[in-house]
Amino acid sequence: MAPAAPATGLLEKLGVQLDPELLVLALTHRSFAHENGGIPTNERLEFLGDTVLGLVVTETLYRRHPDLSEGELAKMRAATVSQKSLAIIARALDLGRYVLLGKGEIRTRGNDKDSILSDTVEALIGAVYLSHGLEPARGLVLRLVEPRLAAAADLGAGLDWKTSLQEAAAEAGMSPPAYSSDAVGPDHARVFTSYVHLDGRLYGTGSGTAKKYAEQEAAERAYRTIAVERAQALAGRAETDGETAPENTGA
């Protein structure tokens, strides 16, 4: 079974060569496999590629930032290899054109879903590792993630919204964030909605194809809400202080 579009252009963008059968496997989503007699999917390659990606990014950050703590490096790694970051990389490659999807996923524009795109990027990395070994796979990973690696150093709170929210809540004297989630849809297309409460109040909601992504989005919204509230409180105090300050009579 051939990829959804001729993959010559994709391989040129990746700068690698792959056996046609392995390339097809890397592009085969489980929805397509289910509709075609249960053929193999790209999930095992995705598992392998995720490990290779994590190793390369972790080593690169370790060498580039010798003065950063383990916690800071972990945040930068998480931002670099996040589903959102990998989906951005996939769209730059126009990867959605090539993914093999079932009819249901095609109808729901699965070729533009962050989850499917990011998983396919990892599967391709796994395929390159299997075919060529670690060093060519390292080269591919660095070509793909270099802009995200560079941007991670400037993301600040956005490196890990859940940790940043916990820190902001502590600074504001609030209770630790409490998360809850629910999910709808079948297993292959489940959507999670997460809610984060502080001091018994709902501060943010988020959605995603995995609970961890929904929680990060909820944490981001809560973090921004707290930032606005603190800024307003500071402005209010400054205004009050200005009104109550004694006049300088110049006597």
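1. Helix 5 (residues 70-80) has its buried residues covered by, among others, helix 4 (43-64), helix 6 (83-92), helix 9 (134-152) and helix 10 (161-171). Those buried residues are Leu-73, Lys-75, Met-76, Ala-79 and Thr-80, where buried means under 20% relative accessible area with a 1.4 Å probe, protein chains only. They sit on the same side of helix 5, because they span an arc of only 160° around the axis, taken from the directions from the helix axis to the C-beta atoms. Helices here are DSSP runs (H or I, at least four residues), numbered from the N terminus.

2. Housekeeping: this is a predicted model, with local features needing pLDDT of at least 70 and side-chain atom pairs pLDDT 80 or more, while totals for chains, interfaces and linings use all residues. Residues count from 1 along each chain as its sequence is written, and side-chain values use heavy atoms, without hydrogens or water.

3. The largest nonpolar core (buried Ala, Val, Leu, Ile, Met, Phe, Trp, Tyr and Cys joined through side-chain atoms within 4.5 Å) holds 42 residues, and Leu-10, Leu-14, Leu-95, Leu-124, Ile-125, Leu-144 and Val-145 touch the most other members. Elements giving it two or more residues include helix 1 (8-14), helix 2 (20-26) and helix 8 (114-132). Helix 8 gives the most, with eight residues.

4. What does Leu-14 contact, leaving aside neighbours within four places in sequence? Leu-93, Leu-124, Leu-140, Arg-143 and Leu-144, with contact meaning heavy atoms within 4.5 Å.

5. There's also a second, separate core of eleven residues, including Ala-169, Ala-218, Ala-219 and Ile-226.

Note on methods
Buried means under 20% relative accessible area, exposed over 50%, partly exposed in between (1.4 Å probe, protein chains only).
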